[in-house]
Amino acid sequence: MAEAAELVLAGRTVRLTNPDRVYFSARGETKLDLAQYYVSVGDGIVNALRNRPCMMHRFPSGVDGEKVHQKRLPKGAPDWVPTVRVRFPRYNRTADELCVSSLADVVWAVQMSTVEFHPWNSRAADVESPDEWRIDLDPLEGVGFDTVRQVAAVVHEVLDELGAVGFPKTSGGSGLHVYVRIRPEHSFGEVRRAAWAFAREVERRAPKLVTTAWWRKDREPGTVFVDYNQNTRDHTIASAYSVRGTPLGIVSAPVTWDEIAQAEPADFTIATMPTRYAELGDLHAGIDEAVFDLSPLLEWADRDEASEPEAPEV
């Protein structure tokens, strides 16, 4: 096994120890392969993570081994790796989390065995004011991706009617995420209320396919849960272009709305994404220019709470 490899990125030299360690057992990709994947989608992964508090999901012995959820930046990090301090009121604690500003920061995290990147939906300038509304289509057990596709079509329809531009991506698992940029002028609670109101409208239009039931036991079998809770403070999901901790190295991949009808989540892996990215570039590149005003959704929330109060946060 090679002792180390060095990559020069954004004017920084990042040293990778144990570059030949196998991280993905299905095809045998290594730690160095993972780093090179992130280099191949460099603008995209940095755009997805830039200036956001970020939880690192680390797999020190590869994805078949133990998974470590790391909020605090590991000790011994170079002084050039940026962080942002976030507070956890429930525990009266703070943590200095990774806050990516360049590709070198991403690859340094890979050196620390990070496979998955889970950023907040707010940025360092004001961590308490989200600038991203996240729509999470989470199929219940046994529900196929075809049902997710059908729900995605309804989501797209409602977004179009609102005048909101949604940026979809596969989750890297069995679901689909859609991101909408918003102005950072609302609390996490307000964004969650807006997300709840949107989810309720999607459920009304496709009641046999969609559930917003809070308790798992109350969700109808065969449905997709539109998980508005992903907009709660300190709830994170894998970013666009993040690899997931699976033997195949499946990627949470940006897709176009037209592609969803034929897309299969397992088609997007660290083996296939570099070529796709070279051909298409970053499909989420325009997200910062498509800012949506949440006011209509907050009005929907006021209307709906009269008949069914929103579930409490957890």
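The following legends describe close-up views of cavities, salt bridges and aromatic contacts in a predicted model.

**View 1. The largest cavity and its lining.** A search of the whole structure yields two cavities of 30 Å³ or more, and the largest has a volume of about 90 Å³. Its lining consists of G44, N47, A48, R52, E132, Y179, R181, A240, Y241, D282, H284 and I287. By residue class, this lining comprises five nonpolar, three polar and four charged residues. Helix α2 (42–49) and strand β12 (176–182) each supply at least two of the lining residues. The greatest contribution comes from α2, with three residues.

**View 2. The second largest cavity.** This cavity holds about 40 Å³ of space. Y241, P254, M273, R276, Y277, L280, G281 and L283 line the second largest cavity. Six of these lining residues are nonpolar, one is polar and one is charged. Y241 appears in the lining of the largest cavity and also in that of the second largest.

**View 3. A salt bridge between strands β7 and β8.** The structure holds 29 salt bridges. In one of them, D96 pairs with R85, and the closest N and O atoms are 2.8 Å apart. D96 belongs to strand β8 (residues 93–98) and R85 to strand β7 (residues 83–88), and the two residues are eleven apart in the chain. D96 is partly exposed, because its relative accessibility of 29% lies between the limits of 20% and 50%. R85, at 56%, counts as exposed because its value is over 50%.

**View 4. A salt bridge between helices α4 and α5.** The side chains of R205 and E157 meet with an N to O distance of 2.8 Å. R205 lies in helix α5 (residues 188–205) and E157 in helix α4 (residues 145–162), so the salt bridge ties together parts that are 48 residues apart in sequence. Both partners are partly exposed, R205 at 33% relative accessibility and E157 at 38%.

**View 5. The R303–D304 salt bridge and a salt-bridge network.** R303 and D304 form a salt bridge whose closest N and O atoms are 2.8 Å apart. R303 is partly exposed, with a relative accessibility of 43%, whereas D304 is buried, with a relative accessible area of 4%. Elsewhere, salt bridges with shared partners join R52, R123, D131, E132, R134, R181 and D288 into one network. Among the members of this network, R52, E132 and R181 also line the largest cavity. The charged end of R134, another network member, sits over the ring of Y179 at 5.1 Å from the ring centre. Y179 is itself one of the residues that line the largest cavity.

**View 6. The Y23–F24 aromatic pair.** Ten aromatic pairs are found in the structure. The ring centres of Y23 and F24 are 6.5 Å apart and their planes meet at 55 degrees, so this pair is tilted. Both Y23 and F24 are buried.

**View 7. The aromatic cluster around W214 and W215.** The rings of W214 and W215 have centres 6.2 Å apart and planes at 85 degrees, so the pair is edge-to-face. W214 is buried, with a relative accessible area of 15%, whereas W215 is exposed, at 53% relative accessibility. These two residues form one aromatic cluster with F225 and Y228. Over the ring of F225 sits the charged end of R219, 3.7 Å from the ring centre.

Conventions: Residues are numbered from 1 along each chain as its sequence is written. This is a predicted model: local features need pLDDT of at least 70, side-chain atom pairs count only at pLDDT 80 or more; totals for chains, interfaces and linings use all residues. Side-chain values use heavy atoms; hydrogens and water are left out. On a 1 Å grid over the protein atoms alone, a cavity is a set of points where a 1.4 Å probe fits but cannot get out, and a pocket is an open set with protein on both sides within 12 Å along at least five of seven lines; lining residues have an atom within 4 Å of a point. Grid points are joined across faces, edges and corners, and a volume is the space filled by probe spheres set on the points. Helices (H or I, at least four residues) and strands (E, at least two) are DSSP runs, numbered from the N terminus. Ala, Val, Leu, Ile, Met, Phe, Trp, Tyr, Cys and Pro count as nonpolar, Asp, Glu, Lys and Arg as charged, and the others, Gly among them, as polar. A salt bridge is a side-chain nitrogen of Lys or Arg within 4 Å of a carboxyl oxygen of Asp or Glu. Buried means under 20% relative accessible area, exposed over 50%, partly exposed in between (1.4 Å probe, protein chains only). Rings of Phe, Tyr and Trp (its six-membered ring) pair if their centres lie within 6.5 Å; planes under 30 degrees apart count as stacked, over 60 as edge-to-face and the rest as tilted. A charge sits over a ring if NZ of Lys or CZ of Arg is within 6 Å of the ring centre and within 35 degrees of the ring normal.
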